[in-house]
Amino acid sequence: MKLPKFVFVISLITFFSILYVYQQVEVFRLAYVVQKRQFASDDLLDRNILLRYNIRKKASLVRLGDKMTQMAEFQMPDNFRLVRFSLAPDTLHARRAGSFRKTFLTRVFTSSQQPEAKFINP
Amino acid sequence: MYISNYRQRSKAVFLVFLIFLSFSIARLLYIQFFRASYLRELAKRQHNLFVELEPRRGSIYDTLIKPQALNISVDSVYVAPQELKSKERVVLIERLPGILGVSEAFVRERLSRKKSFVWLARKISVEQSDAIQSLHLKAIGLLKESKRSYPNSYLGSHVLGFAGLDNVGLEGLELYYERALKGEPGWAMFLRDARQKRLDLWENMFLPKDGYEVVLTIDEVIQYIAERELDKVYKAYRAKGASIIVMNPHTGAILALANRPTYDLNERSSADRDKMRNRAICDLFEPGSVFKIVTASAALEEKTITEEDKIFCENGAFRVASHILHDHRPHGWLTFREVIEQSSNIGTTKVAQMLGPDTLWKYIRLFGFGDKTGIDLPGEISGMAKEPSRWSKISIAAIPIGQEIGVTSLQLVRAVSVIANGGQLMKPYIVKEIRDKYGQSIKKFSAEMVHKVISLDTANRIKKILAGVVEEGTGKRARIPGFTAAGKTGTAQKLEPNGTYSHSKYIASFIGFAPVEDPLVAIVVIVDDPRPYYFGGVVAAPVFKNVAQEIIRYLRSHETEEQVLASYETLRSR
């Protein structure tokens, strides 16, 4: 009877020892997995911050201003005021009709047409 | 030796095992009791790694919380020379100079070092990092480091300053608020595996405290407007230097501060010290005619004279002691108002003589000259102002017109703000709030009045005179279409090395505020040695006009309904 009890106790101790070792190994294995994912996550976050920084830099007033001064086709006068005209739709329609009639009359009764500014569709 | 007796043989074997066992037990006892602490320490060093955790440096934002200085993670490349194989060495010597932009000799020297860890380059670009990773060499590695970056390149460079390679502030606000920005490092005891590789498991950890964030009074848009116009005048007149400051005259909050020449904060290794100097607070100069606002304010406040009193301006030449004082244009009889509008040196000197040296000195000090303003930027100087006991016989003619006195641009804008805000000397400041990374306010800064300089009535009278300078006088080019403006021009001769006044080098200046009824901004423009034109009214006044015009439009377009109504009520009550 003593031997089986002895074997049982030894087996139990061995089992728990192995369990402990397995637990430690699992902890380290999970640590590697977490570390790998943490590294990937940190890398993505860093790239995100870098991307936002690059967007901010490209959209900065300094860069936009430099770009605009390089564009020869676009120039703003030193002094300017922004003015907005608004016309009622009826007035616009009447003026358009009037301008057509005038042109037709001009075509009939004169040899040459006067240059005339056309209304821009607001 | 053979033992025939079985029992004796058994005893001999047992004895051997007993000796071995005793030895083992003795060894175990020795290890357990006498070597325990040493071995525990050794195990700790093998299994654990003490790592200092770097805190994140706080960002700097403008008044609308747009980032001006922030941290980005970049790679730094290192090599382990002792683990380098000869084939890898060849590859590195061949490829690294092209990738990192360094010489071959530099790479050879680094690889020849007898160390296990040697830096090759710190904080490299993403392209360089990718190129190094593509080499696939085990002995070369990349470590993440935090790099201080400035998305607006040179905008506000003299205000922001910069942090060095190890994220330590070296100039500007980065230096001044280093303690708040740097944070506090933490530490952690990480576990290591059998290959000495660090794991993300720790026994103990003390978290780092990230640096605080600094929110400025500077508005990025206003700063850009100011710098753009300053750039134009600096280049157009081939000036030696230029400065501009835009300030809220009621609170002392700095809305923009810029100097030329300037430098890109991200490329500062190529900039020399001259470009890094914050001229607006570090440079001393004789202000010239802009200083007449002090003399005029003192005269009105002391009731020495009124606006309509007439003064004879000696037709352009006036003897004071051994010196002949000249006006830029000969004048006869002028009212006091016209003396300031036409910037007559003779008229101003006569008013100063009526005031007397002691009274004039009192107002020079009241306006803040001769003292530092106390702005939260490093390197400010106090200027130079000497007491009447040290004045010469011609000082009474020189000081009232802005000679024999040294001022900074910041002192000038603060002085004109006294007139704009109704007579109060305000302390200028550039940081409005310090907060943590979650946005919780740690400390707030607000308007601080130093003392009263002149009465409201005097301030209003001087405002009208300075408005006359812009409407009728030397500052016509400062007129802003659609808005009223007030100010003073200045054309100060610079001193030659031999101590005499130059006839070819000048400082052109303009100080002013707008709109006159309810000033939104006070501005000073200083242009050092412009060519070929050098008059303040020609060189500096248009800069004031362009900057003030756009800033007022910008500020008005951002006003809330309550602010518009409040402004209207203020105007109505006046």
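Two strands count as paired if DSSP finds at least two bridges between them, and the strands themselves (E, at least two residues) and the helices (H or I, at least four residues) are DSSP runs numbered from the N terminus. The model treated here is predicted, so that local features need pLDDT of at least 70 and side-chain atom pairs count only at pLDDT 80 or more, while totals for chains, interfaces and linings use all residues. Residues are numbered from 1 along each chain as its sequence is written, and chains are lettered from A and ligands numbered from 1 in the order in which they are written.

**Exercise 1. Work out the strand order of the five-stranded sheet of chain B, and find which strands stand at its edges.**

Solution. Begin with the order, which is β10-β9-β21-β20-β19 in chain B, an open sheet with antiparallel pairing. Next look at the ends: β10 (254-260) and β19 (486-495) of chain B each have a single partner strand, so one side of each is left without a neighbour in the sheet. Finally, the twist averages 10° from one strand to the next, where axes are lines fitted to C-alpha atoms, for helices over the stretch in contact, and angles run from 0 to 180 degrees between N-to-C directions.

**Exercise 2. Describe how β19(B) is joined to β20(B), and how far β19(B) is covered.**

Solution. The strand β20 of chain B comprises residues 501-514, and its antiparallel pairing with β19(B) extends over nine bridges. Two pairs serve to trace this register: Gly490(B) lies opposite Ser509(B), and Leu495(B) has Tyr501(B) as its bridge partner. The two strands form a hairpin with five residues between them, and in the turn Gly499(B) has a positive phi of about 95°. As for cover, seven of the ten residues of β19(B) are buried, a residue being buried if 20 or more other C-beta atoms lie within 10 Å of its own, exposed if 12 or fewer, and partly exposed in between, with C-beta atoms placed from the backbone.

**Exercise 3. Identify the strands that helix α9(B) touches on the sheet, and state what covers its buried residues.**

Solution. Contact here requires that the C-beta atoms of two residues, placed from the backbone, lie within 7 Å. By that criterion helix α9 (residues 220-236) of chain B packs on the five-stranded sheet, touching β9 (241-247), β10 and β21 (521-528) of chain B, and its direction makes about 25° with that of β10(B). The helix α9(B) has 17 residues and reaches 24 Å from its first C-alpha to its last, close to the expected 24 Å, a span calculated as 1.5 Å times one less than the number of residues. Twelve of the 17 residues of α9(B) are buried, among them Ile222(B), Tyr224(B), Leu230(B) and Tyr234(B). What covers these buried residues includes α2 of chain A, together with β9, β10, β21, α19 (536-539) and α20 (541-557) of chain B. Just after the helix α9(B), Arg238(B) takes a positive phi of about 45°.

**Exercise 4. Establish how many residues of α17(B) are buried, and compare its reach with the expected span.**

Solution. For α17(B), twelve of its twelve residues are buried, including Leu410(B), Arg414(B) and Ile419(B). The helix α17(B) reaches 17 Å from its first C-alpha to its last, which is close to the 16 Å expected. After α17(B) comes Gly422(B), whose phi is positive, near 95°.

**Exercise 5. Trace the antiparallel partners of β3(B).**

Solution. Start with β2 (residues 60-61) of chain B, which two bridges join to β3 (residues 67-79) of chain B; here Ile60(B) stands opposite Ala69(B). The hairpin of β2(B) and β3(B) has five residues between the strands, and Ile65(B) takes a positive phi near 55°. Then β3(B) pairs with β5 (residues 140-149) of chain B over ten bridges, with Lys144(B) as the bridge partner of Asp75(B). Lastly, β3(B) pairs with β4 (residues 118-124) of chain B over four bridges, and Val77(B) is matched there by Ala121(B).

**Exercise 6. Characterise the side of chain A that touches chain B.**

Solution. The contact involves 16 residues of chain A and 20 residues of chain B. On the side of chain A, α1 (2-58) and α2 (61-70) are the elements that give two or more residues, and α1(A) supplies the largest share, eleven residues.
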